[in-house]
Amino acid sequence: MVGLIPGLIIVFFILNKKGASCSGYLPNSRVIAETLSKDFKYSDSFKSEMSTYKINEKFLKDEIITNGTIDFDRSHAQQKPCPDYLLFYPKENPTYEVTFEKCEEIVTLNSLKKLK
């Protein structure tokens, strides 16, 4: 106990300075991180919906996808070769719903719906 507590405190401060966090291990965080690391391809309907709702690519990536929540009950995460997902943004009282397929090299955004 004498060495464990100071050791945990030291490790905590070292990891905290490096910006490490454990939140990246949750399924929602992993899917979002993998999605953002790939190239995006937009379906024609997705492009027109972005235009209709006046959403640009920066807002889509930085806000909607980054801060969204995956609905794993309505997604097909085990589908091969490209799982498809349903994402809601924001987490509380969702305004947007996005469906996309996450393949090996590319993410295809299929639909964007405004819920309110």
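Which helices and strands cover the buried residues of α4? The structure shown above is a predicted model, and helix α4 is a convenient place to enter it. This helix spans residues 57-65, and its buried residues are L60, I64 and I65. Viewed down the axis of α4, these buried residues fall within an arc of 70°, so they line one face of the helix. The cover over them includes two helices, α2 (27-36) and α3 (44-53). It also includes the strands β1 (39-42), β3 (84-89), β4 (96-102) and β5 (106-114).

Helix α3 can be read in a similar way. Its buried residues are F46, E49 and M50. Around the helix axis they cover an arc of only 105°, which puts them on the same side of α3. The other side of this helix carries the exposed residues D44, S51 and T52. Among the elements that cover the buried residues of α3 are β1, α4, β4 and β5. Helix α4 is thus part of the cover of α3, and α3 in turn is part of the cover of α4.

Just after α3 comes K54, a residue with a positive phi. K54 belongs to the loop between α3 and α4. The phi value is near 55°, and the residue is not a glycine. Most residues other than glycine have a negative phi, and most peptide bonds are trans. With a relative accessible area of 74%, K54 is exposed, because exposure is assigned to values over 50%.

Strand β4 has already appeared in the cover of both helices, and it also takes part in charged pairs. Side chains of opposite charge can pair when their charged atoms come close. In this model the number of salt bridges is six. One of them joins K102 to E34, with the closest N and O atoms 2.7 Å apart. K102 lies in strand β4 and E34 in helix α2, so this salt bridge ties together parts that are 68 residues apart in sequence. Are the two partners buried or exposed? K102 has a relative accessibility of 9% and therefore counts as buried, the limit being under 20%. E34, at 35% relative accessibility, counts as partly exposed.

A further residue of β4, E97, has two salt-bridge partners among those described here, R74 and K113. At 9% relative accessibility, E97 counts as buried. In the salt bridge between E97 and R74, the closest N and O atoms are 3.9 Å apart. This pair links distant parts of the chain: E97 is in strand β4, while R74 is in the loop between β2 (69-70) and β3, 23 residues apart. The side chains of E97 and K113 also meet in a salt bridge, with an N to O distance of 3.9 Å. Here strand β4 is linked with strand β5, since K113 lies in β5, and the two residues are 16 apart in the chain. K113 is partly exposed, with a relative accessible area of 43%. Through shared partners, salt bridges join D71, R74, E97 and K113 into one network.

The loop between β2 and β3, which holds R74, also contains P81. The peptide bond from K80 to P81 is cis, with omega near -5°. Both K80 and P81 help to line the largest pocket of the model. About 180 Å³ of space lies in this pocket. Its lining consists of K38, A77, Q78, Q79, K80, P81, P83, K102, C103 and E104. By class, these lining residues are four nonpolar, two polar and four charged. K102, the salt-bridge partner of E34, is thus also one of the residues that line the pocket.

The loop between β3 and β4 offers two further details of the backbone. P90 is located in this loop, and a cis peptide bond, with omega about -15°, joins Y89 to P90. N93 lies in the loop between β3 and β4 as well. Although N93 is not a glycine, it has a positive phi of about 50°. N93 is exposed, with a relative accessible area of 57%.

Key
Residues numbered from 1 in each chain as written. Predicted model: local features only at pLDDT ≥ 70, side-chain atom pairs only at ≥ 80, totals over all residues. Heavy atoms only, no water. 1 Å grid on protein atoms, 1.4 Å probe; cavity = no way out; pocket = protein on both sides within 12 Å on 5 of 7 lines; lining within 4 Å. Points joined across faces, edges and corners; volume = space filled by probe spheres on them. Nonpolar A, V, L, I, M, F, W, Y, C, P; charged D, E, K, R; others polar. Buried < 20%, exposed > 50% of the residue type's maximum accessible area, 1.4 Å probe, protein only. Helix = DSSP H or I, 4+ residues; strand = E, 2+ residues; numbered from the N terminus. Arc of directions from axis to C-beta. Contact = heavy atoms within 4.5 Å. Salt bridge = Lys/Arg side-chain N within 4 Å of Asp/Glu carboxyl O.
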